[in-house]
Amino acid sequence: MGKRSALFALIVTLVFGLFGGTASAVPSAAMKVWLYVDQKQAFVNGAPFELTSPATVYNGKMYVPVKFLGDTFGFPVQFDMATNTIALQAGKTDVLIDLTTRTTLIDGMPGAFQPTFEISQDGKLMAQLTWIMDRIGATYSYDAQLSRVEVVYAPWSAELPAAREGKPVAKFTFGKTSYKMGEKIQYIDLSYDVEGDGIEFAAWKGKQDAFFEPGVKTVSLQVTDSKGNVSDWYSKTITITNETMYSPVQFQMQHAKLQSFIKLDAAQLNQHIRSAQKLGMASTQVPGRKLLVSDSPETITQYGALYRDTVDGKARLYANHINEMDEDVQFAIIATNQGDDPVTIKTTRQGEVYPSVFVHLFGYQASVDFLVGDANKPELTVKPGESKAYAYLPKLTKGQGINLIYDIETSGDVAITFAAMRPGDPMDAALSYPELPFAGHIRGSFPFSEIRMEADADGTKVAKRFTVGDNVDDPFVRGFDPFRNEFVSLDGNYGMMYNIRVKNPGKSAIVLLARGGAYKGPLKINGEMVLAPASGVLTALDGVFLLYRTTGTEEYVDIEFTPAAGSYLPLDFIFYPLK
């Protein structure tokens, strides 16, 4: 269990402990409960009761504390610490809530946690007023003037037949009576509720977007209305012919949701992805902007100068560090004017993320910000003999890291120092800090910061691929580290901006294979931001990630990206042909 899940379980345990672990006996007479919105005082049959969590409003809907109502009205609400679940029985409805995944089983049918349930700010389980009152058979009203929910519960009322409890009707049809193997099936939902309450949930059996074996297939549907009434199962058959439209992989390439995983097994990866023809790429180094990289020592174990070099004109500053000291670290990028004239520093693009313990997060977010292209740093003027902080980040506590990318333009020669400073030290002190020794990873200055690549896919008649960051098809850039006085390699080409153009892409699906390991980073495709992925990370074990589909009319596709810190290369980009 993760730290957040364990903490959440502890909170719920404490909450349930405050109320007692078991439900009280079912009351024998009608009970009246008053709950005041956002007030902890309640009244049970006129007697005051102090709540630990009051009734409240989320997204315009009223929510009430579940455990309090269970103890008061006598329906069971139990927390299981071993599974991190809550089980409750509201009237005839059995509910199991998984707190780790935030999902529910209502009478055995899977459902979403929200909007039926919420967790209050102090960790209490809350249920939507209308939902739980309808389940236990209580009547309720709301006094807007007093901001008060008034509930009347008669335990025997839940056993009485309700004239309004008409079942909804489940019904559907197919777009046509037969489909080819691999053809997308159209499902037309015709379900309705006889009392007009609306259909809230649909449960399917045997439903697939496409079938890949011939024969007669049975699909069934059951629906639940907004009152919790459940329909009978409705079943219908469809014929799948011996003709094939798409294989399973082809179908996903054609129909999977954009910016989603396409799960492939090892055989499918080898047949459809790894065997793709190599796309011949012409690579060009774009001069004009120097790249300074400070990534060694990546883990800071002492105060000192992490890296230093001079800049005159356009440059990109790139830093990636994690504090492993017990003491706090003040990370700064310091500009020192050693000349006779003032020097101005203008920022034209930046990716700046405040300290975090999540490595993939700060590398990913810095790349996102940098691709967006905004720059909000004010112009900095450094007088002769002066040292000023160009970037001055919040203190890094132990385990926190940063990833920073800045494109700057200077009006003259300045020395740029990447410093792990003792909090409170002046800027000048960093100039006398010891130069920290190289400890693996990357450190140095490189003559350019942009790589342009171009290829012709010739209509993508077969699957084609190109690779980034492998030091074979895409060689690592060479530079120089003045601290060590030696030439160095920019392994992974971190800090480089790639501008890639693929001509004549045809009608194709563009997918990404994280061949080097866990990867999480953004791209722009034809100017549109693509998050790969928006949550989680990519690995080769997950299959491929669907980035984009072309229509077949484009003259070219442009891809812009910079390798995200904390992620692994190489990456394979595959153009997969679509019918």
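Two strands pair if DSSP finds at least two bridges between them, and strands themselves are DSSP runs (E, at least two residues, with helices being H or I, at least four), numbered from the N terminus. This is a predicted model, where local features need pLDDT of at least 70, side-chain atom pairs count only at pLDDT 80 or more, and totals for chains, interfaces and linings use all residues. Residues count from 1 along each chain as its sequence is written, and side-chain values use heavy atoms, leaving out hydrogens and water.

**Stop one: a sheet.** Select strands 4, 5, 12 and 11, in that order: they make an open sheet with antiparallel pairing. Strand 4 (56-58) and strand 11 (117-119) sit at the edges with a single partner strand each, so one side of each has no neighbour in the sheet. From one strand to the next, the twist averages 40°. Now pick Tyr-58: its bridge partner is Lys-61 in strand 5.

**Stop two: the helices on it.** Show helix 2 (residues 66-73), which packs on the sheet and touches strand 5 and strand 12 (125-128). Contact here means heavy atoms within 4.5 Å.

**Stop three: the core.** Which residues have the most contacts inside the largest nonpolar core? Select Phe-466, Ile-500, Leu-547, Phe-561 and Phe-573, out of 46 residues in that core. A nonpolar core is a set of buried Ala, Val, Leu, Ile, Met, Phe, Trp, Tyr and Cys residues joined through side-chain atoms within 4.5 Å; buried means under 20% relative accessible area (1.4 Å probe, protein chains only). Strand 39 (residues 497-503) gives this core its largest share, four residues.

Technical notes:
Buried means under 20% relative accessible area, exposed over 50%, partly exposed in between (1.4 Å probe, protein chains only). Axes are lines fitted to C-alpha atoms, for helices over the stretch in contact, and angles run from 0 to 180 degrees between N-to-C directions.
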